[in-house]
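Colleague: I would like to go through this model with you. Could we begin with the chain folds and then turn to the contacts?

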Amino acid sequence: MQSSEGMMEREFVELAGRVGALPQAPLAMPKQLLEAPSRKLALAMARLMLGSGRAETTNGAQRGER
Amino acid sequence: MQSDGRSDGAQNGAAVLTARLSVFALSIAAAATGFMLFLQFGQADGLDGWDIVRAVLIGLSTFWLAWGAAQGLLGLTTRPVAPEVPQGAIAGRTAILVPVYNEDPVITFARVAAMDQSIAATGTDATIHFAILSDTRNEEIAAREALWFLRLLRDRDAEGRIFYRRREKNTGRKAGNIEDFFTRSGGAYDYAVILDADSLMEGETILEMIRRMEAAPDLGLLQTLPRVIRARSRFGRAMQFSASFFSPIFARGLAMMQGSTGPFWGHNAIVRVRAFAASCGLPELKGKPPFGGHILSHDYVEAALLARAGWTVRLDDDLDGSFEEGPENIVDHAKRDRRWCQGNLQHTRLIAAPGLKFWSRWVFVQGVLAYIAPLFWLAFILASVMAQEFAPPPNYFPEAGWPFPVFPVSESAKAIGLAVGIFGLLLLPKLLIALDAMFTGRARSFGGGLRAFVSTLVELLLSSVIAPVLLMYQTRSVFQVVFGRDGGWPANNRGDGRLSVGEAWVASRWISLNGLAGLSVVYFLAPGLVLWLLPVGLPMILAPLVISWSSQDSRSGLMTVPSEIAPSPVIGLHDACVQSWLGEDETMTEADTGRDGAVPTVHA
């Protein structure tokens, strides 16, 4: 009884998968850059902290360029 | 207003800037006033470090309260206006996405049936498909999904219009589920309406959203303001009333401030597929959860990314016919809030992301503040207790040789003024919204002016009692996230929601014990503060009773909402479908599944 119920369930799942199949029309979804800090923000913060115009050489600025 | 439905950019820009500056200025002024008043109050017995700490905390808390209040007041100054859009034939193809995750398929798929019926009733010939995107992990529920999907197809004669697929792995959770659809099938559609499993929308509303997308080629995402429906418990009905009565006004204020950098709340919204696909591929953040890994509160980030790419993101708060369901008790609310808390705090890593608009960054900051601002109050209470404990004894003879005592000047009036001001920020917007509703006739759809006003007072009272309990849950969530504990992705409990005192005790005994311990410590260290802290301490101690009582059915006749007085047709369609389906059991005969591709019958 258990196995026949299990079989029926599998049939429903397969049938649902067949009749419910989505249209195939792929679309690219490129991963966005989120973690690298904004170049402007990084520069502004670095300038604020270092108090000089040499902030372009900081790691934050380099990360912003990547 | 332009002919395609967009607001005029230049005019909109000036109006938006004015709105933002007004609300910022008001909030800063309130914060500065709170800070100064507290400093003057503290100076009465000599200014010390604790006074400065408390003044800063009061300033920050007041800013946050004033920000919310000012948004509400701003919302009272205008009314939502529907953009003019051509009402002709719809050319674009639309997919309505229904992500499900261990939900009850009968209730969820009946919503699809109801919305499909509602769309059909409009007589449109637009191409509108449904895609049920299952991330269900429970095999038993997945089998029921397959069964009820077949029933849905048969009932709606919808083969080739309503689709169903289940992912093997739920990578990226809901955002990953949606992304999976876009990458496999997105090319077949121009627009996608993104829903939650508990979302329900009128067919006419969906058509209007599509028309607005067609009329504004720069519109990447259009968000509606969903109203909570079907609440039954005291807590649920208070939330439902609040979402229907107050939220539209606050949303109006928000809409005025955000301009083209609007919000995405993850559901009951429509997106332009090519804009979303090109701009919203979410990376996995470096490191482990809670701060690393998949982005939890993906919706805020997607809105920011669309805006970054130059698309308009708009909240159209004039649109009716958009519904969702809410938690029925405080514990379910806290579970959902735990997830949101982790998601919002994760955004701290994204505030400096490259190229984001200023407003998007500020939205992230607001999301973080929403969870850490209550901690300012907690810190203020703790600092006040410590200040009393470590306060030096008053010096009545500050000048050597002067024979007469000098008594400190009482600044109690300033403290009382400050307290009144803070309560005013909490109460005033809601009271003004109630008065506005009474005078404009809006209250009629909430059962009349008197009922709406009394409901407002009861809602204020109830939210004051519940606030300390929620504060504790929020505080725990923040500490859990900060100390690296991942909250996971529990399924929403959309069931009955009634909790016994025993169940509530299990979920909240730690709050009771903290409340009891806190008040005892205050009694010994700073007995003068006990009375002031009772409104916070008592609800904490009684948390199990508060939780259980508020989860029971409401029979007061208050908190009436428009969907109860004049239910939207799609709600009735959903009710009828659920009733019809629940009247049947879930057995099928082999004969029904015999023919390949045939849709079987579920027998009563």
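Modeller: Chain A has three helices and zero strands. Please bear in mind that this is a predicted model.

Colleague: What pattern does chain A follow along the sequence?

Modeller: Chain A reads α-α-α from start to end of its sequence.

Colleague: And how many of its residues are buried?

Modeller: Of the 66 residues in chain A, 17% are buried.

Colleague: Turning to chain B, in what order do the strands of the open sheet lie?

Modeller: The open sheet in chain B consists of three strands in the order 5-10-7, and its pairing is mixed. Strand 5 (200–201) and strand 7 (227–228) of chain B each have a single partner strand, so one side of each is left without a neighbour in the sheet.

Colleague: How does strand 7 of chain B run relative to strand 10, parallel or antiparallel?

Modeller: Strand 7 and strand 10 (residues 322–324) of chain B run parallel and are joined by two bridges.

Colleague: Which residue of strand 10 stands opposite B:R227?

Modeller: That residue is B:F323.

Colleague: Now the contacts. How many residues of each chain take part?

Modeller: In chain A, 31 residues are in contact with 37 residues of chain B. Helix 1 (2–19) and helix 2 (39–50) are the elements of chain A that each give two or more residues to the side touching chain B. Helix 1 of chain A gives the most, with nine residues.

Colleague: What is the make-up of that side by class?

Modeller: The side of chain A that touches chain B has 20 nonpolar residues, along with five polar and six charged ones.

Technical notes:
Residues numbered from 1 in each chain as written. Chains lettered and ligands numbered in written order. Predicted model: local features only at pLDDT ≥ 70, side-chain atom pairs only at ≥ 80, totals over all residues. Helix = DSSP H or I, 4+ residues; strand = E, 2+ residues; numbered from the N terminus. Buried ≥ 20, exposed ≤ 12 C-beta atoms within 10 Å, placed from the backbone. Pairing = 2+ DSSP bridges. Contact = placed C-beta atoms within 7 Å. Nonpolar A, V, L, I, M, F, W, Y, C, P; charged D, E, K, R; others polar.
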